[in-house]
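Below are some remarks on the model you sent, set out as numbered points. Each keeps to what can be read from the coordinates, and residues that belong together are treated together.

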Amino acid sequence: MLLTSEPWTRLQVETITQYVFETIRIPAFATLSTALAASFAYGVQDALVIDVGKDKTEITPIVEYTPVTVSQRTIKYGSSAINANLAKALPDLTAEQIEALKKSDIFEILSEDAAKNSWFGLNNLNGAPDSGTNENDDGIVDVAAIVTSGRTREILAQREKEKEQSQASDKEKEKLNEDREFNTFTDLEGKTIQVGKERFHGAEDLIEKITIAVGEVLKHLDEAGSRQECWDNVIILGHGSSVKGFKEALLLSLQSRYIISRPTMGSELPSMFNTSGYNTPTGASTPSFAQLQQNTYSKSNQGHGQIPVQIKVAKTLDYFPEWKNYGWEESSFLGAEIAAKQIFGGSVEGTYVSRTDYNEMGPSSVWDI
């Protein structure tokens, strides 16, 4: 079973088919779209699959378990864009250290509320907390030594200060990443590196470009019902989406740009305006031009009619508990496993290319499955 990419040409697929039969010499072969495999993993027949790779992102709508190739779009922008932005913000770090930072626990994308409540969003906090630690000999006090020294008050004051510093250090260690001005990560060579607010930035351009491309993809779906079904089952996968907070930030970006509020949209627009709504009634109350701009064009909903009214991420299935801790960034692999079991283990004919099929028809036999 080979997972394929939508932009692959017929010649490329046939060349691979020839290779697996004539060089690897396998007895049976089948191909499956990566996006379609993802829908199998989630158990949904309609979906919008956003596959974020290193240097590209593929956006594919699935309607009734069929990839809509005419609407599919690939943008040459992936997780490497995050590395490029981090490299500009942190010029002293090597490319390897930038990659280690991106994969570390301290690199994350904060939600709007989290950003406001973070250390950087609170104006009444000045300076970073003291992270130094001072041991106090496990709290054991030599009273006799203090008394005989003649510096009782000074020594006790110093010990109290050290105790407070130690407690402050413990509290600092318990703080969330977003509550710290600085945090550290370890690179591949074991070196500890301290990073400031740069660890919360770098993905903004990628999210913006994906958001715009998604709108272009779905506005080409003819049926409004199919568009809403896709909006209801957004599948975000690929290692580029594994950054903490990325999926949530992308979903929020899609919602803020495309969700249409029923009371203010197409049904209220006068027929003199060329809008994307369907069956716009005549004689409706005429809103101001400013309202039209705010409610319609700022939402970039040209071509969407009155859809979407909601955007949701597809729910993961509960009967694959081992995938919960692993992560669903490679859900296409899970979907391919499900499909392979049905294709190669079932009795349905015409679901794969056999050695006999290949000997009779050659590489073009791959298109008969």
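**Notes on the predicted model**

1. Asn183 is a convenient place to begin: leaving aside its neighbours within four places in sequence, Asn183 is in contact with Ile106, Asn177, Ile193, Gln194, Val195 and Arg199. Please keep in mind throughout that this is a predicted model. Asn183 lies in strand 8, which covers residues 183-186, and its relative accessible area of 11% places it among the buried residues, because the cut-off for that class is under 20%. The side chain of Asn183 makes two polar contacts that deserve a look on screen: one with the side chain of Asn177, at 2.9 Å, and one with the side chain of Arg180, at 3.4 Å.

2. As for the chain in general, it has 369 residues, of which 41% are buried, and it contains 14 helices and 11 strands. If one takes the contacts between residues at least 6 apart in sequence, 67% of them join residues that are at least 24 apart. One example of parts distant in sequence is given by Leu11 and Pro363, which are 352 residues apart along the chain, while their C-alpha atoms are separated by 9.3 Å. Leu11 belongs to helix 1 (residues 10-24) and counts as exposed, because its relative accessibility is 61% and the cut-off for that class is over 50%.

3. Ser33 is another residue on which several features meet. Ser33 lies in strand 3 (residues 31-33) and is buried, with a relative accessible area of 9%. Its side chain is joined to that of Glu6 by a polar contact of 2.7 Å, and, apart from neighbours within four places in sequence, Ser33 is in contact with Leu3, Thr4, Glu6 and Pro67. Ser33 also caps the N-terminal end of helix 2, where one of its side-chain oxygens lies 3.3 Å from the backbone nitrogen of Ala35.

4. How much of helix 2 is buried? Eight of its nine residues are, so helix 2 is largely enclosed by the rest of the structure. The buried residues in helix 2 are Thr34, Ala35, Leu36, Ala37, Ala38, Ser39, Ala41 and Tyr42. Just after the helix comes Gly43, which takes a positive phi of about 70 degrees.

5. The model has two cavities of 30 Å³ or more, and the largest cavity has a volume of about 50 Å³. The largest cavity is lined by Thr4, Ser5, Glu6, Ser33, Thr34, Ala35, Val49, Asp51, Glu58 and Thr60, so that Ser33 and Glu6, the partners in the polar contact of 2.7 Å, both appear in the lining. At least two residues of this lining come from each of helix 2 (34-42), strand 4 (47-52) and strand 5 (57-63).

6. Helix 3 (residues 80-89) may be read alongside helix 2. Its buried residues are Ala81, Ile82, Asn83, Asn85 and Leu86, and what covers the buried residues of helix 3 includes helix 4 (95-103) and helix 8 (204-218).

7. The structure holds six aromatic pairs. One of them is formed by Phe21 and Phe29, which meet edge-to-face at 6.2 Å centre to centre, with 85 degrees between the planes; both of these residues are buried. Another is the pair of Trp231 and Tyr258, whose ring centres are 5.5 Å apart and whose planes stand at 40 degrees, so this pair is tilted. Since Trp231 lies in helix 9 (residues 224-232) and Tyr258 in helix 10 (residues 246-258), the pair ties together parts that are 27 residues apart in sequence, and both Trp231 and Tyr258 are buried. Ring pairs also link Phe21, Phe29 and Tyr358 into a cluster.

8. Two further aromatic rings should be viewed together with a charged side chain. The charged end of Arg10 sits over the ring of Trp367, at 4.3 Å from the ring centre, and the charged end of Lys209 sits over the ring of Tyr77, at 5.0 Å from the ring centre.

Methods
Residues numbered from 1 in each chain as written. Predicted model: local features only at pLDDT ≥ 70, side-chain atom pairs only at ≥ 80, totals over all residues. Heavy atoms only, no water. Helix = DSSP H or I, 4+ residues; strand = E, 2+ residues; numbered from the N terminus. Buried < 20%, exposed > 50% of the residue type's maximum accessible area, 1.4 Å probe, protein only. Polar contact = N/O pair within 3.5 Å; in protein donor to acceptor, adjacent residues only side chain to side chain. Contact = heavy atoms within 4.5 Å. Phe/Tyr/Trp six-rings, centres within 6.5 Å; stacked < 30°, edge-to-face > 60°. Lys NZ or Arg CZ within 6 Å of the ring centre and 35° of its normal. 1 Å grid on protein atoms, 1.4 Å probe; cavity = no way out; pocket = protein on both sides within 12 Å on 5 of 7 lines; lining within 4 Å. Points joined across faces, edges and corners; volume = space filled by probe spheres on them.
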